[in-house]
Amino acid sequence: MSKNILLFLLLAVSALTAQKTTSDQLAQFDFQKLQARLEIRPEQQEVLGSVHFTFAILEQADTLKIDGRKMEFSEVLLNGEKARFYTDDTGIYVLSTFAPSVSNELDLKYTAYPESAMYFINWQDKTPEAAREVWTQGQGKYTSNWLPSFDELREKLEFDLTYIFPKSYQLIANGLLKSRSENDSLITWQYDMEKPMSSYLVGMAAAQFDSLTENAASGVPLKMYFRKPEAGKAEATYRYSKEIFDFFEKEIGVPFPWQNYKQLPVVNFLYGGMENTGTTIFAESLMTDSIGFNDQNYVNVNAHELAHQWFGDLVTEHSGKHHWLNEGFATYYALLAEKEIFGEDYYYWKLYQTAEQLKEASDSGKGQAVLRTGNNSLTYYQKGAWVLHMLREQVGDAAFREGIKNYLNHYSFQNPTTEKFLTEMELVSGQDLEQFKKDWLEQSAFKASQALESLKRSEFIQQYLQVAGLREFPLEDKKELLRAALDFPVNDYTGQEAVHQLQGENSQVAYDLFEKALESGNLYVRQAVAQTMENIPQIFKKQFEGLLNDDSYITKEISFFKLWSQFPESRPAYFKKLKEVEGFYNKNVRMLWLTLNLVTPDYEPGKNADYYQELAGYAEKWQPIEIQQNAFSYLYQISAFNDASLESVILGTGNPNSGFRNYCRQLLQELLKSQEYRERLEALAEGMDAKAVSYLQSKLSP
Ligand SMILES: [Zn+2]
């Protein structure tokens, strides 16, 4: 047989079988377990592994597909015998006469060079302070980029993975660490799971981690990781973790389904967090100290990813159309946890805000039915959460909780549809939910008036809406009502709303109200003053300066800038006061301080070079992307990019994090408008990797 004919035959076979998707395979094969041993080589950005599958054959078949993207496979053994197979960019097809039988084995060796789903951070960079990490993101990216597995989420199996990784790093993955052994340069980490899950929930992260441990009321170990330089933020970041965990076990009524729960912050993550089974990975930029906690904290993501351990991981959506069964549930339960921690006003406030967004989308014809594929996240997450809020009101607390419990128990380790969930709710409530399904799950419009009726059960929302209803009135007509809204004890949201209505007002009445707001002592109402007051009269200066002391990095940043602008004679005092303040993870206060210092020529002129070095240093390519981005924005404002920071912008245009990538792309287009920057960018591009400069090249020669 000539080579060409063989090639033709192979193509014909693959053309036929490529039609077959992994979901068709569900009827033919049932995978039980994947045992794998993989060596991750971070400097080479490659994975070498051997995997062992055990499975049953349910129906006669001739092809078995394992997903494995752009992998090189070797030593393919089916039940111990060399097997026939071919591969394409999406995986390996094993050919045999598969006859129904209970226990079968497939072994293969592979090499992967993951382009997505596994990310290698800073392994080419020699900067000592750089965080060197490897972490994964399966959902939306496919675990099969680094581990032969199943893109189809209905194929659930047990994963027992052993990882080999360079010494001096901690490697954390799904399940229980059964053993850890090391030789001269490598550590072998053996993890063991007991229950099956979808492949997109496989996750690992390796970094120089430290950790805190607590035990839940039920005894489940809760392990909370952090990089050593972030140790000072561990307490505030993980605040309420145990409370949330204990609350969920009680509220949901089904014990936490996995062996342990670990949370891992990683640099340059793609999203807020990801609910890998028992092993949540989240953006390190959510880490915060106690002051930052007041404005931005990890509590919501913490609760959301933990809720997924039941809704998503234990019981997984049947398919994309039912995505709200994962995201709507996680969003709703996170809200319940926040209600427990921050109170009922907070709960209704968040629901009110999302109702406003949903109503706006709906009114402009952009409403989406929850039960549909291809929705935006507003629909799956927020409208999905509203579905559960309304359903609970309709069937009552007791029936709702009973229905949830039955749903989880009946469909554990399975992939139910929305209809199965509703049937459970009908059984416990005795109600026909057909109309509810039409109104809330199948209708693209948002039922805004029903939502408003529900929100009005909160007295706080009623008061808030009264104040918000004054927006269009002249100040003279509403001053007494605004004053009343600022009476002790002032509500965070109503108080802020009253202050925001003073925007652009310069009358004595307005300043009296500003003063009352400042005297309330409420952090958020005072923050609203910092945001709203444009001209600070001399007699107000002292009080406004008091905002620099508030426990809010937002308030500090805004009031610092306004005071610096309006009172040049007091600048030295402001610089001195905020000299030691870093601010949020992205160093918002520090970078503003450095920038204002650089543009204040008569203040510390001898230190300008140092301060510029520090600011430009935050734009270096090894810095976390949130820090780089903030530094870019200041360097842009003062037109002070050096070559290293320009290189960072170029590299950023190819970053896997879409928010940062888009920011860098827009910034690069702005920079290219300047002849000087254009020339420097062109010169830099010559010394850089072709792939890294592809976006820049496309803009240089359109
Ligand atoms: Zn989620």
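The following exchange examines how several features of this predicted model are classified.

User: What kind of model is this, and how are its residues numbered?
Analyst: This is a predicted model, in which local features need pLDDT of at least 70, side-chain atom pairs count only at pLDDT 80 or more, and totals for chains, interfaces and linings use all residues. Residues are numbered from 1 along each chain as its sequence is written, and side-chain values use heavy atoms, with hydrogens and water left out.

User: What makes His304, His308 and Glu327 donors of the zinc ion?
Analyst: Donors are N, O and S atoms within 2.8 Å of the metal (3.2 Å for Na, K and Ca); water is not among the atoms, so sites may look incomplete. His304 (NE2), His308 (NE2) and Glu327 (OE) lie 2.0 to 2.1 Å from the zinc ion, so they satisfy the 2.8 Å limit. Along the chain, the donors follow the spacing H-x3-H-x18-E.

User: Why is the pair of histidine 308 and glutamate 327 said to tie parts of the chain together?
Analyst: Histidine 308 belongs to helix α6 (residues 299-308) and glutamate 327 to helix α7 (residues 324-342), so the pair ties together parts that are 19 residues apart in sequence. Helices here are DSSP runs (H or I, at least four residues), as are strands (E, at least two), numbered from the N terminus. Both histidine 308 and glutamate 327 are buried.

User: Why is the pair of tryptophan 386 and phenylalanine 446 called edge-to-face?
Analyst: Rings of Phe, Tyr and Trp (its six-membered ring) pair if their centres lie within 6.5 Å; planes under 30 degrees apart count as stacked, over 60 as edge-to-face and the rest as tilted. A search of the whole structure finds 60 aromatic pairs. For tryptophan 386 and phenylalanine 446, the centres are 5.8 Å apart and the planes stand at 80 degrees, so the pair is edge-to-face. Tryptophan 386 lies in helix α9 and phenylalanine 446 in the loop between α12 (434-442) and α13, so the pair ties together parts that are 60 residues apart in sequence.

User: How do you know whether tryptophan 386 is buried or exposed?
Analyst: Buried means under 20% relative accessible area, exposed over 50%, partly exposed in between (1.4 Å probe, protein chains only). Tryptophan 386 has a relative accessible area of 0% and is therefore buried. Phenylalanine 446, at 7%, also counts as buried.

User: What makes the pair of tyrosine 407 and phenylalanine 421 edge-to-face?
Analyst: Their ring centres are 5.0 Å apart and their planes lie at 70 degrees, so this pair too is edge-to-face. Tyrosine 407 is in helix α10 (residues 397-410) and phenylalanine 421 in helix α11 (residues 418-429), 14 residues apart. Both tyrosine 407 and phenylalanine 421 are buried.

User: Why is glutamate 230 classed as buried, and glutamate 604 as partly exposed?
Analyst: Glutamate 230 has 11% relative accessibility and therefore counts as buried. Its place is in the loop between β18 (221-227) and α3 (234-237). Glutamate 604, at 21%, counts as partly exposed, and its place is in the loop between α22 (588-598) and α23 (608-617). Glutamate 604 also has a positive phi of about 45 degrees although it is not a glycine.

User: Why is tyrosine 142 called partly exposed?
Analyst: Its relative accessible area is 37%, so tyrosine 142 is partly exposed. Tyrosine 142 lies in the loop between β10 (133-136) and β11 (156-166) and has a positive phi of about 75 degrees although it is not a glycine.
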